[in-house]
Amino acid sequence: MKICIYGAGAIGGWIGVGLAQAGERLNVVARGATLEALQRDGLSLMRGDVRTRVPVNAVADPEALGVQDLVVIAVKAPALAGVAERIGPLIGADTIVLVAMNGVPWWFLEGGFGGPITGHRLAAVDPDGAIARAIPSRNVVGCVVHASCSLDAPGVVRHHFGNGLIIGEPSGEATPRVQKLLALLKSTGIDTTLSPQIQKDVWFKLWGNMTVNPISALTGCTTDLIMGDDYVRGFISAVMLEAKEIGRRIGIEITQSPEDRHEITKKLGAFKTSMLQDVEAGRSVELDALVTVVRELGELTAVATPFTDALLGLARLRTRQLGLY
Ligand SMILES: NC(=O)C1=CN([C@@H]2O[C@H](COP(=O)(O)OP(=O)(O)OC[C@H]3O[C@@H](n4cnc5c(N)ncnc54)[C@H](OP(=O)(O)O)[C@@H]3O)[C@@H](O)[C@H]2O)C=CC1
Ligand SMILES: CC(C)(CO)C(=O)C(=O)O
């Protein structure tokens, strides 16, 4: 199979090493220090002190690779528009594009999903439709990542905890191609499951991180402190109830209460969310994919979102001030 990782950071690197270990030859599109490191040393995954190193064919220009069978996109959301500008040569009629990213994706309302707003383009994540044009939804397989990884250095990924992927067609169908992809990912040792409606899994993950992530960016606090403050937890619950209602109107029933979900977040302990890590590292934040888009979905489904708006307003002020949004 021709496989390409576009975005060989923490998650792309973790999946990539798994694929290479399963016997696949790996292409990577990278840039700067990551490209140099991959060309020099290959791609490494650290588990404790154990290093697994695999060779990769790393290039700067997708033209050098041509059409792939599978492209894994694993960039932070603000980088996606840049990827869309250059990904064209990798995508043919039968290419699967596995989107391993957090937040609501541009293809969320595709495949007949979304009830009254099915097919709607989400301006918060794809303002002018350029991403959807570059990466047609017929090529997309959705993905939710349940794992925590980081980078020790360019090309050197560290796995912390979690080993799960949920994948699914936007249409929810168990097509032959998604079953083949499921088998491939399972062969890497990653616990991969096939979802009958991947948008529901996307939304459920978002239900947890659309609040704690921006609040951590605003306050600089770890998840234990955020969850430990009664007023902040109450505010988080109010935002979550808005998202729960939006979900209900587009076909996603969440049976949990916010308090049920807080119990899961509390288990993270003193965890720095990915958005807090981004802020501390001076990287652009995934605010639009996690929060702005929920506000947009609220407008589209006629759900008032005063708490989400407050969260978005405060978080964008802070991150704009820092030059990260
Ligand atoms: N890390 C985690 O534990 C988890 C992450 N996620 C989600 O997964 C997604 C990926 O996150 P993560 O792996 O942590 O991010 P990273 O920042 O570690 O990796 C992103 C990689 O993409 C590369 N990249 C960005 N733009 C381009 C481009 N135009 N061309 C080539 N390479 C590019 C970056 O390279 P460069 O350094 O050159 O910018 C970087 O190597 C995010 O949506 C995140 O929220 C989900 C669950 C857990
Ligand atoms: C906080 C956490 C782990 C779950 O809500 C998360 O999704 C993130 O850090 O991006």
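These legends accompany close-up views of the two ligand sites and the pocket in a predicted model.

**View 1. The residues gathered around ligand 1.** Here is the neighbourhood of ligand 1, a shell of 24 residues in which Ala-10, Ile-11, Arg-31, Cys-149 and Glu-286 come nearest. By class, this shell is made of 15 nonpolar, five polar and four charged residues. Strand S8 is the one to look for, as S8 gives the most to the shell, with five residues.

**View 2. Backbone atoms beside the oxygens of ligand 1.** Start at Cys-149, where a backbone N or O atom lies 2.8 Å from an oxygen atom of ligand 1. At Ala-147, a backbone N or O atom is 3.5 Å from an oxygen atom of the ligand. Ala-100 also brings a backbone N or O atom to 3.5 Å from an oxygen atom of ligand 1. On its own, ligand 1 has 890 Å² of accessible area, and the protein covers 83% of it. Two elements, helix H1 (10–21) and strand S8 (140–153), give two or more residues each to the shell around ligand 1.

**View 3. The largest pocket and its lining.** Step back a little and you see the largest pocket, which holds about 1,800 Å³ of space. It is lined by 50 residues, and closest to its centre are Ala-10, Ile-11, Lys-76, Ser-274 and Glu-286. The lining divides into 24 nonpolar, 18 polar and eight charged residues. Strand S8 provides the largest share of the lining, seven residues. Elements that supply at least two lining residues each include helix H3 (80–86), strand S9 (156–168), helix H9 (258–266) and helix H10 (274–281). Ligand 1 sits in this largest pocket, and the space taken by ligand 2 is the largest pocket as well.

**View 4. The shell around ligand 2.** Now turn to ligand 2, which is surrounded by Asn-102, Lys-205, Gly-208, Asn-209, Val-212, Asn-213, Leu-268, Phe-271, Thr-273 and Ser-274. Helix H6 makes the largest contribution to this shell, five residues. Sorted by class, the shell has three nonpolar, six polar and one charged residues.

**View 5. Side chains reaching the oxygens of ligand 2.** In this view, follow the side chains: a polar side-chain atom of Ser-274 lies 2.6 Å from an oxygen atom of ligand 2. For Asn-213, the distance from a polar side-chain atom to an oxygen atom of the ligand is 2.9 Å. Asn-209 places a polar side-chain atom 3.1 Å from an oxygen atom of ligand 2. Taken alone, ligand 2 exposes 280 Å², of which the protein buries 83%.

Terms used. Residues numbered from 1 in each chain as written. Chains lettered and ligands numbered in written order. Predicted model: local features only at pLDDT ≥ 70, side-chain atom pairs only at ≥ 80, totals over all residues. Heavy atoms only, no water. Near = heavy atom within 4 Å. Polar contact = N/O pair within 3.5 Å; in protein donor to acceptor, adjacent residues only side chain to side chain. Areas by Shrake-Rupley, 256 points an atom, 1.4 Å probe, with all protein chains shown as cover. 1 Å grid on protein atoms, 1.4 Å probe; cavity = no way out; pocket = protein on both sides within 12 Å on 5 of 7 lines; lining within 4 Å. Sits in = over half its atoms within 2 Å of the grid points. Helix = DSSP H or I, 4+ residues; strand = E, 2+ residues; numbered from the N terminus. Nonpolar A, V, L, I, M, F, W, Y, C, P; charged D, E, K, R; others polar. Points joined across faces, edges and corners; volume = space filled by probe spheres on them.
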